[in-house]
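Biologist: Before I use words such as buried or salt bridge, I would like to see how each one is earned. Can we go through some cases?

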Amino acid sequence: MANINRVVLVGNLTRDPELRHTPSGTAVCNLRIAVNTRRKDGATGEWTEKPNYFDITVWGNQGENCAQYLSKGRPVAIDGRLEWREWEAQDGTKRQAVEVVADTVQFLGGRSEQAEGGNQFVPAGVARDADADFGGAADDDIPF
């Protein structure tokens with residue numbers, strides 16, 4: 001039987017990303033997202049939303065992009081895997097945590113939402129000017 005360790009989450013950042021670097025210079029970005037779960041209250045019969053919180057670790061260039069373009073409240077989609085860690089705290093107690101190590105982070109929300117938050121995400125290679133010339137091809141030259 002094959003082992004599968006896959007997590008897909010869509011939620012909102014609960015705080016601004018925290019970027020740090022390993023001694024070798026690799027970027028590590030920590031995110032925390034809230035994902036709501038809808039549940040029907042057994043007593044009242046009404047639907048309620050319960051937030052679940054997840055710690056996310058993003059490595060490398062993708063982590064740097066998250067730190068640069070994301071901010072608290074921004075919706076994101078995470079695709080990754082669960083990882084269990086164990087360490088000894090300064091007081092000598094053993095600590096454990098389960099976190100999501102992201103393989104991909106997709107920034108969600110439109111440009112208007114980003115402008116309201118003060119963060120304007122513009123992917124690499126995309127012109128900032130809405131009227132920019134994208135290669136000079138006229139509409140008649142597009143094959144579809």
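Biologist: Why is Arg81 called partly exposed?

Modeller: In this predicted model, Arg81 has a relative accessible area of 31%. Buried means under 20% and exposed means over 50%, so Arg81, at 31%, is partly exposed.

Biologist: What makes Arg81 and Asp103 a salt bridge?

Modeller: The closest N and O atoms of Asp103 and Arg81 are 3.4 Å apart. The cut-off is 4 Å, so the pair counts as a salt bridge. Asp103 lies in strand 6 and Arg81 in strand 5, so the pair ties together parts that are 22 residues apart in sequence. Arg81 and Asp103 also belong to a network of salt bridges with Arg6, Asp79 and Glu83.

Biologist: How do you know that strand 5 and strand 6 pair?

Modeller: Pairing needs at least two bridges, and 13 bridges join strand 5 to strand 6, so the two strands pair. They run antiparallel, and Ala77 stands opposite Gln106 in strand 6. Strand 5 also pairs with strand 1, in the antiparallel sense, over 6 bridges. There, Gly11 has Val76 as its bridge partner.

Biologist: Arg85 and Glu99 also meet in a salt bridge. Which of the two is buried, and why?

Modeller: Glu99 has 12% relative accessibility, which is under 20%, so Glu99 counts as buried. Arg85 has 36%, between 20% and 50%, so Arg85 counts as partly exposed. Their N to O distance is 3.3 Å, which is within 4 Å, so the salt bridge stands.

Biologist: What makes Leu82 fit for a nonpolar patch?

Modeller: A patch residue needs over 30% relative accessible area and no salt bridge. Leu82, in strand 5, has 43% relative accessibility, so Leu82 passes the area cut-off. The patch consists of Leu82, Trp84 and Val98, with about 320 Å² of accessible area together.

Biologist: Why is the link between Thr22 and Ser24 called a polar contact?

Modeller: The side chains of Thr22 and Ser24 are joined at 3.0 Å. The limit is 3.5 Å, so the pair qualifies as a polar contact. Thr22 lies in the loop between strand 2 and strand 3.

Biologist: And Ala67 in helix 1: buried, partly exposed or exposed?

Modeller: The relative accessible area of Ala67 is 26%. That is between 20% and 50%, so Ala67 is partly exposed. Leaving out residues up to four places away in sequence, Ala67 touches Pro17, Leu19 and Cys29.

Notes
Residues numbered from 1 in each chain as written. Predicted model: local features only at pLDDT ≥ 70, side-chain atom pairs only at ≥ 80, totals over all residues. Heavy atoms only, no water. Helix = DSSP H or I, 4+ residues; strand = E, 2+ residues; numbered from the N terminus. Polar contact = N/O pair within 3.5 Å; in protein donor to acceptor, adjacent residues only side chain to side chain. Patch = residues over 30% accessible without salt bridge, like charges linked within 9 Å, V, L, I, M, F, W, Y side chains within 5 Å. Areas by Shrake-Rupley, 256 points an atom, 1.4 Å probe, with all protein chains shown as cover. Salt bridge = Lys/Arg side-chain N within 4 Å of Asp/Glu carboxyl O. Buried < 20%, exposed > 50% of the residue type's maximum accessible area, 1.4 Å probe, protein only. Contact = heavy atoms within 4.5 Å.
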